[in-house]
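Subject: Structure for your review

Dear colleague,

Please find below the structure that I am handing over to you, together with its sequence. My account of what was found in it follows.

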Amino acid sequence: MRGRPLPEEEACGQHEAKHYFNQLRFMYFRYNRTSTSSTTSSGQLRVYTPVFTTTMDVDEARLEKTYSFPKGNADVERLELQHQICVLRFGGLYPEEIEGQVQHLMTQRDSEVLDVGCGSSPIWSTQMAKRFPKVNITGLDLAPLTDGEYPKNFSFVRHDLTKGFPDEYKNRFSILHCRLVCQQFPDPPMLIKGMADCLKPNGLLLLIDGGGQTYGQDKKPVTPFKYDPSRSITENLKNTEGGSWHAGWFAELGRGVRSPTFKPPPELIRQTPLKEIMSQEYLVPYGWEGGGIRNGKKLGDLMMKNAETVYKFSPAILARLNDLPDEIKKALVTKGFQELKGRKMYIHLWYTVGMRSE
Ligand SMILES: C[S@@+](CC[C@H](N)C(=O)[O-])C[C@H]1O[C@@H](n2cnc3c(N)ncnc32)[C@H](O)[C@@H]1O
């Protein structure tokens, strides 16, 4: 007979612990490595919560090869900013249109949530864990988890998704959340199909990604600057033929990072047996109040801050585009950001929800 559960079993539930003890190759119980507490710069005692952390099939070099944005610790602040933007724009951790379904799923027996590509400082999943303290929430990412305070019902799995999902994830989760991961993933249809297989009947896939286009104040797509090799570089720089530098920069950035098989989330969902139950398009203003958008002013400020960071690391991504002259790449960065500061534009996001039928 088993005795009292080990602390790590309590942290993630007995069923969960059994799974991991049987299946996983490596596990460690993390108390900020050696200590259980430390002192912050303001003198407050910071207590670290144990996190059940596992490392599965990981190819360290893969992240470097396939994911182009800054990784792990280097991107924590920007991902926090992005999370705030999403929460403000969607009206919460998920849109209110699915509140009833989420609440229903979260009160079912053995309900579990998986946040796919959760980030190394997982914000959405830890906030979900706080909101639903009786539900086991797992964050999965290829980048390692950063030190921090994590809820008891949160666990982290380090895994490379290009190797597919672990077998024990099949038919297991009530909700899968995948935000801003698909676009850069080498094979988005494979990722979506894998996620669909991990859902329980009636489970939901919450899929969020950028649409890749820039919108103008009139909420219509803005024509991007496009380099024309039949004209000289000087001519291209002098006359953009109505094309926007910022929209051009954004389009080229997308070309540098986006998988060729990426499609807007509703189309990706349609390639699976999942039923699309909601698809919503959201515009987020850059640096202005967004004309009637809820929380517009705050969103505008956050979005501009985010854009500033992305503009800063974008030259490394544009450098990969061999068909663009260096002068054009430089102009896209400098003129694009300049234009963004003086012109009212939006970024476009998709929020799509797919449901697995019985
Ligand atoms: C833009 S971040 C989004 C993070 C989080 N979903 C959010 O919205 O805050 C994309 C994440 O996907 C992860 N990722 C990229 N390729 C991956 C792979 N092959 N396996 C697992 N995670 C991966 C990255 O490490 C990164 O944390």
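In which strand does Asn202 lie? Asn202 is part of strand β9. Please bear in mind throughout that this is a predicted model.

Backbone at two residues

Asn202 is not a glycine, yet its phi is positive, at about 70 degrees. Asn202 has 14 C-beta neighbours inside 10 Å, so it counts as partly exposed. Leu180 is likewise not a glycine and has a positive phi, in this case of about 55 degrees. As background, most residues other than glycine have a negative phi. Leu180 is found in the loop between β8 and α7. Because 17 other C-beta atoms lie within 10 Å of Leu180, this residue is partly exposed.

The chain as a whole

The chain has 358 residues, of which 35% are buried. Its secondary structure consists of 12 helices and 11 strands. Of the contacts between residues at least 6 apart in sequence, 73% join residues at least 24 apart.

The nonpolar core

The largest nonpolar core holds 78 residues. Within this core, the residues that touch the most other members are Leu176, Leu205 and Leu206. In general, nonpolar side chains in soluble globular proteins tend to be buried together. Leaving aside residues up to four places away in sequence, Leu206 touches Tyr94, Ile175, Leu176, His177 and Val353. Leu176 therefore appears both in the list of residues that touch the most other core members and among the contacts of Leu206.Helix α7

Helix α7 spans residues 188–198, and its buried residues are Pro188, Leu191, Ile192, Met195 and Cys198. Seen down the axis of α7, these buried residues fall within an arc of 120 degrees, so they line one face of the helix. An α-helix has 3.6 residues a turn, so residues three or four places apart point the same way. What do the buried residues of α7 pack against? They pack against three strands, β5 (112–116), β8 (173–179) and β9 (199–216), and against helix α10 (265–270).

Two packings of helix α11

Helix α11 covers residues 296–318, and helix α4 covers residues 76–90. The two pack at an angle of about 150 degrees, with their axes 10 Å apart. The helices α4 and α11 are therefore roughly antiparallel to each other. Their crossing is left-handed. On the α4 side the contact involves Arg78, Leu81, Gln82, Gln84, Ile85, Leu88 and Arg89. These residues meet Lys298, Leu299, Leu302, Met303, Lys305, Asn306 and Thr309 of α11.

Helix α9 (residues 245–257) also packs with α11, at an angle of about 55 degrees and with the axes 9 Å apart. The helices α9 and α11 are therefore oblique to each other. The crossing of α9 and α11 is left-handed. Here α9 contributes Glu252, Leu253, Gly256 and Val257, while α11 contributes Ser314, Ile317 and Leu318.

Residues brought together from distant parts of the sequence

Where does Thr272 lie? Thr272 is in the loop between α10 and β10 (275–285). With 19 other C-beta atoms within 10 Å, Thr272 is partly exposed, because a residue needs 20 or more to be buried. Not counting residues up to four places away in sequence, Thr272 touches Ile192, Lys193, Ala196 and Gly354. Ala196 is 76 residues from Thr272 along the chain, and the C-alpha atoms of the two are separated by 7.1 Å. Ile192, one of the residues that Thr272 touches, is also one of the buried residues of α7.

Thr53 has its place in strand β4 (residues 51–55). Thr53 has 19 C-beta neighbours inside 10 Å and so counts as partly exposed. Between the C-alpha atoms of Thr53 and Leu145 the separation is 8.3 Å, although the two are 92 residues apart along the chain.

Lys163 is placed in the loop between β7 (154–158) and β8. Lys163 counts as partly exposed because it has 13 C-beta neighbours inside 10 Å. From C-alpha to C-alpha, Lys163 and Val58 are 8.6 Å apart in space, and they are 105 residues apart in sequence.

Yours sincerely

Notes:
Residues numbered from 1 in each chain as written. Predicted model: local features only at pLDDT ≥ 70, side-chain atom pairs only at ≥ 80, totals over all residues. Core = buried A, V, L, I, M, F, W, Y, C linked by C-beta atoms within 7 Å. Buried ≥ 20, exposed ≤ 12 C-beta atoms within 10 Å, placed from the backbone. Contact = placed C-beta atoms within 7 Å. Helix = DSSP H or I, 4+ residues; strand = E, 2+ residues; numbered from the N terminus. Arc of directions from axis to C-beta. Axes fitted to C-alpha atoms, helices over the stretch in contact; angles between N-to-C directions. Parallel < 35°, antiparallel > 145°, perpendicular 65-115°, else oblique. Left-handed = near helix turned anticlockwise from the far one by under 90°.
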